[in-house]
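Work through the exercises below with the sequence and the model at hand. Try each task before reading its solution.

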Amino acid sequence: MPVSRSTRRALAAVFAACVVLPLSACGSSGGDSGTADASGKVEGDITFQTWNLRANFKPYFEGLIADFEKKYPGTDVKWIDQPAEGYADKISADAAGGTLPDVVNVSPDLVAPLAKAGLALDLDKAASQYKKEYLEGAWASHQIPGMTGTYAFPWYLNTGPLFYNKSLFKEAGLDAEQPPKTYDEVFDAALRMADKTDGKVATLANVPTIEDFGRYGVELMNKEGTAFTFNDAKGVQLLSKYKELYDAKALDPQALTATPESSGKKFLTGAVAMNPGSALDLGNFKKQAPNLYKNIGITDQITSTGHVNMYVMGVMVNARTKRAPAAVAFAHYVTDAAHQMSFAKQVAIFPSTAGSLDDPYFTKEDGTDETRVRIAAAKSLKNAVNYTPVLFSEQMKTELRNEVAKALQGKESPKEALDNAVEACNRLLQQQG
């Protein structure tokens, strides 16, 4: 199903990572607020806040709210939609001012400070009967290291396949029908590709992110959630491999400053052999690079753990709500299997509910490119995990990227770079309180 440019922008904003909220001022009044009683009659007025969804999905949400109010007479749901810009700041201000809505659309990194401040309802206590309805990895995505509990219902998921250029693989003497699946296989293929093309064709176009360290099998944090640990031997091994690729031109020389757009252009022109993407890219290939389109290969994200990365959005219940039964019931209603399925058919997202990905919509080919990619992504999501730690902020991502760049340029050893990145990230973690 084609997705409009504006819809893509909306979803890109929805999945954008946000800065960690400065909620330390709210934390002092925590106490037992995370265990509000959600039993009792579902009734009363509640507010529901989404994140930049009204422009594209107004009829969907108005219909969903009307159906809920019909199912539960005596309820009234007021829908608020906030723009993508400044969403984290708006939640922070509402939390500090005591005006946080009853039900809030969040991402895992937004949940963490709210949970620490006692403002996110612990669903393991208040709504544990619903846990079995969701994929295990999706339910776990709103858990906070160092805390017990789950602090939002999982809502919709996303992931993307990895595209590769079959003709480039063949020219380098690689098996185009058996693309690499683990990092070690990718590294071997990339060095061969660079050697065969005298460094003219890189296999990868991006430097490793925290997600890559996770997919490589690196322990990113300690169990208590008090310190990052991605500078261990396995982390150093991954960065050392990327350094080897960079030196051999198997990693694109412009990877240090690459954006998804610039990487996509490199793939389009045949300068890069593999690149992550989505169903939307296939139409672009068909128009702009028909030769690439004829030779396109689609495979899973590279992982050495057997689990691909998922991006997940959630629906949180305000622990201080005065209408806990209605708020929990509505948050569950928004995220139950039927409503997630109907939302997924409107836009290129995936339900987080158990069994939904077995629906023919996600398993049956119909000859279209969109379906081909949707099926590949849905299959990989069944046991996917959210590798990015919920406590890993935008500032931390910048620190890691800067240190990775120094290692690739030879200004620091991979060990020094990761030690410095972990030190900086742990310092920022302490500041979060």
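## Exercise 1: the cores

Task: In this predicted model, find how many residues the largest nonpolar core has and which residues have the most contacts inside it.

Solution. Step 1: the largest nonpolar core has 128 residues. Step 2: Phe230 and Phe330 are those with the most contacts inside this core. Step 3: helix H14, residues 324-335, supplies the largest share of the core, 8 residues. Step 4: a second, separate core has 9 residues, among them Phe267, Leu282, Phe285 and Val373.

## Exercise 2: Phe330 and the rings

Task: List what Phe330 touches, leaving out residues up to four places away in sequence. Then find which ring cluster includes Phe330.

Solution. Step 1: with those sequence neighbours left out, Phe330 is in contact with Ile46, Phe48, Leu64, Ile65, Phe68, Val77 and Val103. Step 2: ring pairs join Phe330 into a cluster with Phe48, Phe57, Tyr60, Phe61, Phe68, Tyr72, Trp79, Trp155, Tyr156, Tyr333 and Phe343. Step 3: over the whole structure there are 31 aromatic pairs.

## Exercise 3: charges over rings

Task: Which arginine lies over the face of Trp79, and which over the face of Tyr361?

Solution. Step 1: Trp79, one of the clustered rings, has Arg54 over its face, at 4.1 Å from the ring centre. Step 2: over the face of Tyr361 lies Arg374, at 3.8 Å from the ring centre.

## Exercise 4: helix H10

Task: Check the span of H10 against its expected value, then find its buried residues and what covers them.

Solution. Step 1: H10 runs through residues 233-247 and has 15 residues. Step 2: the expected span is 1.5 Å times one less than the number of residues, so 15 residues give an expected 21 Å. Step 3: from first C-alpha to last, H10 reaches 21 Å, close to that value. Step 4: its buried residues are Gly235, Val236, Leu238, Leu239, Tyr242, Lys243, Leu245 and Tyr246. Step 5: their cover includes helices H8 (183-196), H9 (210-216), H17 (394-408) and H18 (414-432). Step 6: just after H10, Lys249 has a positive phi of about 65°.

## Exercise 5: helix H8

Task: Repeat the steps for H8: its span, its buried residues and their cover.

Solution. Step 1: H8 has 14 residues and spans 20 Å, close to the expected 20 Å. Step 2: Tyr183, Val186, Phe187, Ala189, Ala190, Met193 and Ala194 are its buried residues. Step 3: what covers them includes helix H7 (166-171), H9 and H10. Step 4: Asp198, just after H8, takes a positive phi of about 55°.

Methods: Residues numbered from 1 in each chain as written. Predicted model: local features only at pLDDT ≥ 70, side-chain atom pairs only at ≥ 80, totals over all residues. Heavy atoms only, no water. Helix = DSSP H or I, 4+ residues; strand = E, 2+ residues; numbered from the N terminus. Buried < 20%, exposed > 50% of the residue type's maximum accessible area, 1.4 Å probe, protein only. Contact = heavy atoms within 4.5 Å. Core = buried A, V, L, I, M, F, W, Y, C linked by side-chain atoms within 4.5 Å. Phe/Tyr/Trp six-rings, centres within 6.5 Å; stacked < 30°, edge-to-face > 60°. Lys NZ or Arg CZ within 6 Å of the ring centre and 35° of its normal.
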